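Reader: Hey, could you walk me through this one? I'm new to reading models.
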4 protein chains.
Amino acid sequence: MKGIQEFPKHYCGVFGVFDHPNAAEIAYYGLYALQHRGQESAGIVTADGSTFHSHREMGLVPQVFKGNALAELKGRNAIGHTRYSTTGASHVQNVQPLIVDCNRGKIAIAHNGNLTNAAILREELEAGGNIFQTTIDSEIILHLLARPNLTADSNPLLETIRRIQGAFSLVMLTEKEMIGVRDPHGFRPLSLGKLDGKWVLSSESCAFDLIQAEFVRDVRPGEIVIIDEKGMRSMDAFPDQKRRAFCIFEYVYFSRPDSKIAGVNVYDSRIQMGRQLAREHAIEADMVVPVPDSGNYAALGYSLESGIPYHMAFVRNHYVGRSFLQPSQTTRSLDVRVKLNLVSDLVKGKRVIIVDDSIVRGTTSQSRIKILKEAGAEAVHVLISCPPHKFSCVYGIDFPDRSKLLAANASPEEICQHLGADSIGYLSQEGMVKATNQPEEAFCMACYNGDYPVAYESNVDKEIIERRTVDSVSFGDLLDKEASQSKLI
Amino acid sequence: MKGIQEFPKHYCGVFGVFDHPNAAEIAYYGLYALQHRGQESAGIVTADGSTFHSHREMGLVPQVFKGNALAELKGRNAIGHTRYSTTGASHVQNVQPLIVDCNRGKIAIAHNGNLTNAAILREELEAGGNIFQTTIDSEIILHLLARPNLTADSNPLLETIRRIQGAFSLVMLTEKEMIGVRDPHGFRPLSLGKLDGKWVLSSESCAFDLIQAEFVRDVRPGEIVIIDEKGMRSMDAFPDQKRRAFCIFEYVYFSRPDSKIAGVNVYDSRIQMGRQLAREHAIEADMVVPVPDSGNYAALGYSLESGIPYHMAFVRNHYVGRSFLQPSQTTRSLDVRVKLNLVSDLVKGKRVIIVDDSIVRGTTSQSRIKILKEAGAEAVHVLISCPPHKFSCVYGIDFPDRSKLLAANASPEEICQHLGADSIGYLSQEGMVKATNQPEEAFCMACYNGDYPVAYESNVDKEIIERRTVDSVSFGDLLDKEASQSKLI
Amino acid sequence: MKGIQEFPKHYCGVFGVFDHPNAAEIAYYGLYALQHRGQESAGIVTADGSTFHSHREMGLVPQVFKGNALAELKGRNAIGHTRYSTTGASHVQNVQPLIVDCNRGKIAIAHNGNLTNAAILREELEAGGNIFQTTIDSEIILHLLARPNLTADSNPLLETIRRIQGAFSLVMLTEKEMIGVRDPHGFRPLSLGKLDGKWVLSSESCAFDLIQAEFVRDVRPGEIVIIDEKGMRSMDAFPDQKRRAFCIFEYVYFSRPDSKIAGVNVYDSRIQMGRQLAREHAIEADMVVPVPDSGNYAALGYSLESGIPYHMAFVRNHYVGRSFLQPSQTTRSLDVRVKLNLVSDLVKGKRVIIVDDSIVRGTTSQSRIKILKEAGAEAVHVLISCPPHKFSCVYGIDFPDRSKLLAANASPEEICQHLGADSIGYLSQEGMVKATNQPEEAFCMACYNGDYPVAYESNVDKEIIERRTVDSVSFGDLLDKEASQSKLI
Amino acid sequence: MKGIQEFPKHYCGVFGVFDHPNAAEIAYYGLYALQHRGQESAGIVTADGSTFHSHREMGLVPQVFKGNALAELKGRNAIGHTRYSTTGASHVQNVQPLIVDCNRGKIAIAHNGNLTNAAILREELEAGGNIFQTTIDSEIILHLLARPNLTADSNPLLETIRRIQGAFSLVMLTEKEMIGVRDPHGFRPLSLGKLDGKWVLSSESCAFDLIQAEFVRDVRPGEIVIIDEKGMRSMDAFPDQKRRAFCIFEYVYFSRPDSKIAGVNVYDSRIQMGRQLAREHAIEADMVVPVPDSGNYAALGYSLESGIPYHMAFVRNHYVGRSFLQPSQTTRSLDVRVKLNLVSDLVKGKRVIIVDDSIVRGTTSQSRIKILKEAGAEAVHVLISCPPHKFSCVYGIDFPDRSKLLAANASPEEICQHLGADSIGYLSQEGMVKATNQPEEAFCMACYNGDYPVAYESNVDKEIIERRTVDSVSFGDLLDKEASQSKLI
């Protein structure tokens, strides 16, 4: 039970709106609804013909756009980006959307996902004389887009999209257009909607509900949509690519329960996972308790299927946020308790099932089980609404290294013992897939089974600048060649 | 359905710890757990013998004590206060705990509740030459405590406590002692606990869980407890006062579900209210949906009693906090939607019961019902886990004027029609009392039935400075009397 | 040569305006012009009939009133205060003007100076039951003003003014009046002006220039001026007090050169001090160099009188301000150099006279002389435009203890040797007085000669709270007397 | 008389240090001393082998590096930049030093000056596929440096330096070297020094004084210096370029008086300008008054030469800084008065000469003369320590358009009348040159005489992004060509 926001934090949300009088404001609300996909930084770029306006900062969406930041984002077209949390304060340069000036005019880009061939592409581009000002793979896309045409028939957008590999849901803005792109495997979600007759793009459909836009459909894997004054054009850029690989963990944990992806309601998929858990793991118990909020829906599904009463025995402190600073001189670790408190009386003498979506390192789970036992729980059974996480993700989610993934290094029995639980049960892969009402082939489940749909460089990471393989220049040595002139003082 | 934190905001939390090496840090965590009782400001005062240290600011607890504010709060004794939200930024002077210097040494005070005879007392004190530097009633208590003894047998603490009226749960610090007081009616909670063998005081027991203190007992109505190096002394300051009047709305809404008051678990009392609602209002429906988080437990109780499935159809955006600023130029009001989003598919074609703890003005409820209907709900039934609020509160809760309380001015049928619901049902007063497992005489239920246990000045308010009845001075006129010297230029 | 702002920092500026439509704004500019009298905090209180508005914070005037703080200070009457710098961030409660509510209505006060009988008065007031919420002596004045009349003829203002002793230039606001008071010795300045036909009060006349008010006259020592809708009334509250004691260091250093006090231009008095220095200390030298900015005018006076060229060889870095943070890991102390840099070429091989207004600890002076010598100055002569500081000040200036005053513990010859100078010369007391064009009896020169015009408690300080002489209360012991009821648990 | 910092604000300072254990700290102090060359933003980049660390923000140097920003700038090599003030808060992306990753490794650059062929170069680079992320010309240099070698003998540094035109004093950092470059005309200063045996570079020598480094010599026009572990190499990159064009306004106004450029002390050059003014414009007057601080030294020179007493009649308010916000509701413009106040008594009945370095629009001068006359000055003569400014600058100084330069549109007589002065006098071009003790051919004096040493694009500006001449792309139209697949929805 990982509790609240303790893990996979590497993530992003993207949003776009075209030709709307309140473009910046709509993008703001869109990002607000996508805040769960990234809490480190946020940015909006608006276009007013050839003039672009941008505001990008570290912080949560309402912090970034406090004051009258929105009022200065003029223009009827806007894209926005909200980014995952990392440590390190010095990454302002990396805040998206990126915006550049090139021979095709101004282009801004917001990217969710990881490119798996980023290092190769970057090395190639640098060898060709390109300079990089950020350490994120998304900058590569802009360099590719700006390359001069080789032939009269060149289509730089298509060539770029076909050159990059891995996971990418993109929303871009040129001086005349908004463009949405989803990689051919469709790793990350991207939805298309309409607001007041104008097109909007969003990582998830929950943003459409907030701005009261109508959900039209998902952008399809491999699809490019281009929206301009003529309307919306669409093209399948990868007609031969059949294998899909949507990240199933979006259903399990990442996406908001009020989003709908591939026609399936996320809330409902989680309820079904809980029901399936009940079918796979029948346990005699007095109550089913979710770890808020990640276990809420699967626990409810378990209760509905099994008839065992649902109880919110862990009470969440809603004021614990990013701003929480644990005083350094503390004599005990209060981390676990400050976020969730147990209604002790409720569990005394009771057999308790706790439900969560994953166990990562197990430390927090251990503490919670200890708290339950101290409160007098007769038995504590742990259920997880997906299979064990045994592999890391190279498509945009910041799992720990395999070496730190508990399930990669221990059997369920060992984990159970380690946690001090009375039993542990994971949802089967089949059960998880079944809950989504889609075929197994629709999904990437690499983090569970190690089957990676797209080959990757050994060192895939959103921050790729460390990779130097060529020697750095010595201008001094070059100068020495100009023998007649240079002199060493 | 009022949704999240939309109303009764006038409120406070108090905390104290005596003779502990980490006093400030423990007070910090104590206030953290009491944050739901006040989000406007927070403060901690520590005592290090005759030296007091204080840090008090506007903001949430972790904002107020960011940086190394705690490190500078030296001393083994500490009290803290967290205060309700009001509008107006200029009230820094009013942030508690107040701290003064007087003939009895330094005294600091943290107060939860409202004095009903504040204006009379203040006028009397001013007439005697006292000056007031804040606009809160709690300052009166300090003036009374500082009055010189009239006789050798005077006990200024007892005299003060018996002079003030209304609701007061106090935690005070002198140079040698920590003092806890609860008014004779026991309007507001106050609990006594032990941590590492040291005494702690807290508005609610949930704070003891966080700091891993042991809950000892409630401070009794009318009781004074004094903790010093000798240990803890207790006295019943009002032996003749029998009528108790604990605010029943603490069970319904205010207190945290993981607190225990008068031996009753708040979580359980809310489950019971929901069960009782089911007994009083049997409805044919497909699901019971709480308004998060105020309706969570009563809805669950209703589900457990009725067998109608519980569904969390409203999804809360956890990132909506105090910092949320709605852009002024917005074309639609997105307030209602930004906090809660509906999982529309879930309710389509379904008969839905929504449960909340109160309806105040009704505006938000109206919007939510409209959203449910637009999503295709076949029927929407509204259930409230207490009787209609018809009267304002003079004991420390910031209800609107009667004129703005919907239930004071409309019948349930009219309310139902106004909201656009298919039916509306309130929990009966008897049902509510029964859910607490205590006799009716234990409670103040004035906001429901208008029966006020303590008489009050017509104009009771925590901010009493407006009340001027005497004329202000004209020093110029006085000067004119000194006829020989004064001259008008 | 103490350089810039290194010492006497204990100080304040006061300002007031009555019945003007832009009262807050005028007070803001008034404080701006008085910023040199206090950089720690600033505050303005406006009165709008019986409603007072205030804004008081730590920081420089423009920092404190940034944003729209001024816009919320409504009303036609305003007083302001700017306060000296101390260490310690937790003194927000002490920021003036203080504002209270009492039986005479609301009163706000701004005070420049120190009361010499503060501790006695405070003890007396506390014994009478008064509580203190700040640690500044100015609060005493408000308690005295609020005391009930003993007889029908009582005049609380006169009684208060005659009860307090020491240095006080006061500007006060009641609901109907603005009041200016200067202590009978006239230690600190206070000026009266007119702006658009309305009365203004200011510590120094330079504030009148900024707001384009007309300077009318000084408020006289011992005078009370009361301004209300009828106009301005004046009274001499101390007709028998003849000895005056204006702080001569106001001419030497504190007041701005563009102020005029007692009919004497401060700029001119400093030029005269320099001329007098030249008469008293004729030196063969190539240039006269001021230590900016404290030595600017005396150095110029010396040059004008002696004919030796004036040169600004020390260049001030105008960007060094309060915000300058010397990195902790620095390997050398750059303090001295960061504020002033020497134009080395200018002094090479030259005999240099440097002029400043005082030497306190001598550390900085030592460094400067070393820098001059390293740059090749043939000789460095130090001249100080007043006598040696041998005694501390009890009337409002924060000199160090005598033990740390260089001149209190060393002869001029020893100082000269300590500094590494070629010679040192101080202006004589007679010369200093002569430069002001006033009789010796007009001044307090206690810091030079130890002759204190008003007796003082041994422990005079603006912060008087430490002084506790009575025992603090034990409410527990009192409770023990109530034998029948109290019980030790 | 323009007063304080009212004009030419377009400007920069650069600094570098190589192989020093306290590199970041030294860069910090270096920038501190160069703060007068740019107050909008500041940045430092350090190199620790192939790892670069950077901190760049809007604000003054001590604001930008507050907290522990310096501690995180690890490495023994550092360069820094301080940038001019512009309006508009959204230029964070433009804060220098720029830092990129390319096929030559990491390169950081700090640039003072303007490229006159920036637009042409940028268009050419964009046509070749390069993308631009800032709007400053300095980014062009990095793109040029990153271009692949065309031949084995290519020297990208030399090729780059010979390709760019205009004004550039550069300090760059690669992973192994620090590089200093000065354009062949030497428009802007750049000095070389040694600290603890390590090389340092600085726009002005005053920074060396602060860090106690030894001034070695100026970097020569057209010189490249490369410092690496072997020591310092130097090369004259433009052996055929003879014409020099140092900005003479650096002597008149920009550079700090304690800097030395081309062997000439700036302080002394300004004294000489004042002396020369006295020779060219003998006036019968009672005092010479500088406009602080720009007129300080020329006024002193005038006094020394003429024997007319020098008086600092305008007193500067040292607390007026960037943070000063004039309240919007002000009824009068207090701008002029808030910065400088006049010691009125001093000028009453006197004939006053005021000295400044330039008149731009004349508005402020007009006000100051009015203030002098109102104070009773019998005559006011205006002297300017250089010729009239008639032309704008394209080499890095932000003069207004010619249309707004008073002297470009009016004769001295008309200006005199416009200002309300009794006479006006400018220093002659010959006199100005003579004061620098250098030949006329050493200087750029284009702002005085319109003789521009380097041809320039009509639209030279540090911000060049507006210049788009090619059409922006329509990816949609390109997609339409892929006829078989694209569809318009």
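Author: Here is a short chat about the chains and how they meet. This is a predicted model, where local features need pLDDT of at least 70, side-chain atom pairs count only at pLDDT 80 or more, and totals for chains, interfaces and linings use all residues. Residues are numbered from 1 along each chain as its sequence is written, while chains are lettered from A and ligands numbered from 1 in the order in which they are written.

Reader: Cool. What does chain A average for pLDDT?
Author: Chain A averages 88, and 89% of its residues score at least 70; pLDDT is the predictor's confidence in each residue, from 0 to 100. Over residues 86-90 of chain A the pLDDT is below 50, and that stretch has four contacts beyond near neighbours in sequence. In contact means that the C-beta atoms of two residues, placed from the backbone, lie within 7 Å.

Reader: And the ipTM and pTM scores, what are they?
Author: The model has ipTM 0.89 and pTM 0.89.

Reader: New topic: how many residues does the contact take from chain B and from chain C?
Author: It takes 53 residues from chain B and 53 residues from chain C. On the side of chain B that touches chain C, the largest share is six residues, from strand 13 of chain B (strands are DSSP E runs of at least two residues, helices H or I runs of at least four, both numbered from the N terminus).

Reader: Which rotation superposes chain D on chain A?
Author: A rotation of 180° with 0.1 Å of shift along its axis, giving RMSD 0.1 Å. The fit is by least squares on the C-alpha atoms of residues with pLDDT of at least 70 in both copies. The two copies are therefore related as by a two-fold rotation axis. In chain D, the C-alpha nearest the axis belongs to N130(D), 3.2 Å from it.
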